[in-house]
Amino acid sequence: MKRNQKLWYLGYPAAAILAAAAVWGGVPEAVRLALGIAAAALVGVCHTSLLHEKMLRTDPDYRVAVLDERNLALKEKAGNIANAANLTLMGIAAVVFLGLGYTVPALVLWGLIAVNPLILIGISSLLEKRM
């Protein structure tokens, strides 16, 4: 756990590098926006992960709430429902793209929809081996 925690600390300087490249890099506006979003996301993920690990170590009530079997089952069920809703929305977006004449984005979305079950099967088999 300690090694993983140290890894999250590397996100802060990486985000600073991305932000500096966005501000002083002399890049186009679209790249500047992408770098800014990536820097903000990196800070958010790293800070949240560090805070979560700290609270798991120091707060017994938080640890019980996070590791409770009922809460884990609820999170799993919510994740499955969210995945199904996301796939449905991606399918609708692909049909809309086809209707508007955007063939390449529609094909990309259909490709992602087609790969999703393969990812699900792969992750499920990995989790079965661990348990």
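Student: In this predicted model, is Asn116 buried or exposed?

Tutor: A residue is called buried when its relative accessible area is under 20%. Asn116 has a relative accessible area of 17%, so Asn116 is buried. This residue is found in helix α6.

Student: Which residues does Asn116 touch?

Tutor: Leaving aside residues up to four places away in sequence, Asn116 touches Asn83 and Leu87.

Student: Which residues of α6 are buried?

Tutor: The general idea concerns the turn of a helix. An α-helix has 3.6 residues a turn, so residues three or four places apart point the same way. In this structure, Ala106, Leu109, Ile113 and Asn116 are buried in α6. What covers the buried residues of this helix includes α5, residues 69-100.

Student: How should one read the case of Ile113 in α6?

Tutor: One begins with accessibility and then turns to contacts. Ile113 counts as buried because its relative accessibility is 17%, where the cut-off is under 20%. Not counting residues up to four places away in sequence, Ile113 touches Leu87, Met90 and Gly91. Ile113 and Gly91 are 22 residues apart in sequence, yet their C-alpha atoms are 7.4 Å apart in space.

Student: Which pair of residues that includes Leu7 can be read in the manner of that last example?

Tutor: Leu7 and Pro28 may be taken: they lie 21 residues apart along the chain, and their C-alpha atoms are separated by 31 Å. Leu7 has its place in helix α1, residues 2-9. With a relative accessible area of 53%, Leu7 is exposed, the cut-off for that word being over 50%.

Student: What span should helix α6 have, and what is the distance between its end C-alpha atoms?

Tutor: The expectation rests on a rise of 1.5 Å a residue. Helix α6 comprises 28 residues, 103-130, and should therefore span 40 Å; its end C-alpha atoms are 41 Å apart, which agrees. Helix α3 can be read in this way too: its 30 residues, 29-58, reach 43 Å from the first C-alpha to the last, close to the 44 Å expected.

Student: Where in α6 does a kink lie?

Tutor: A kink of about 25 degrees lies at Val115, shortly before the proline Pro117.

Student: Which residues of α3 are buried?

Tutor: The buried residues of α3 are Leu35, Ala39, Cys46, Ser49, Leu50, Glu53 and Leu56.

Student: Which residues form a nonpolar patch on the surface?

Tutor: The patch is formed by Leu89, Ile92, Val96, Leu100 and Tyr102, which together have about 520 Å² of accessible area. One of them, Leu89, is found in helix α5. Leu89 is exposed, with a relative accessible area of 56%.

Methods: Residues numbered from 1 in each chain as written. Predicted model: local features only at pLDDT ≥ 70, side-chain atom pairs only at ≥ 80, totals over all residues. Heavy atoms only, no water. Helix = DSSP H or I, 4+ residues; strand = E, 2+ residues; numbered from the N terminus. Expected span 1.5 Å × (residues − 1). Bend = angle between axes of the 7 residues up to and from the residue. Buried < 20%, exposed > 50% of the residue type's maximum accessible area, 1.4 Å probe, protein only. Contact = heavy atoms within 4.5 Å. Patch = residues over 30% accessible without salt bridge, like charges linked within 9 Å, V, L, I, M, F, W, Y side chains within 5 Å. Areas by Shrake-Rupley, 256 points an atom, 1.4 Å probe, with all protein chains shown as cover. Salt bridge = Lys/Arg side-chain N within 4 Å of Asp/Glu carboxyl O.
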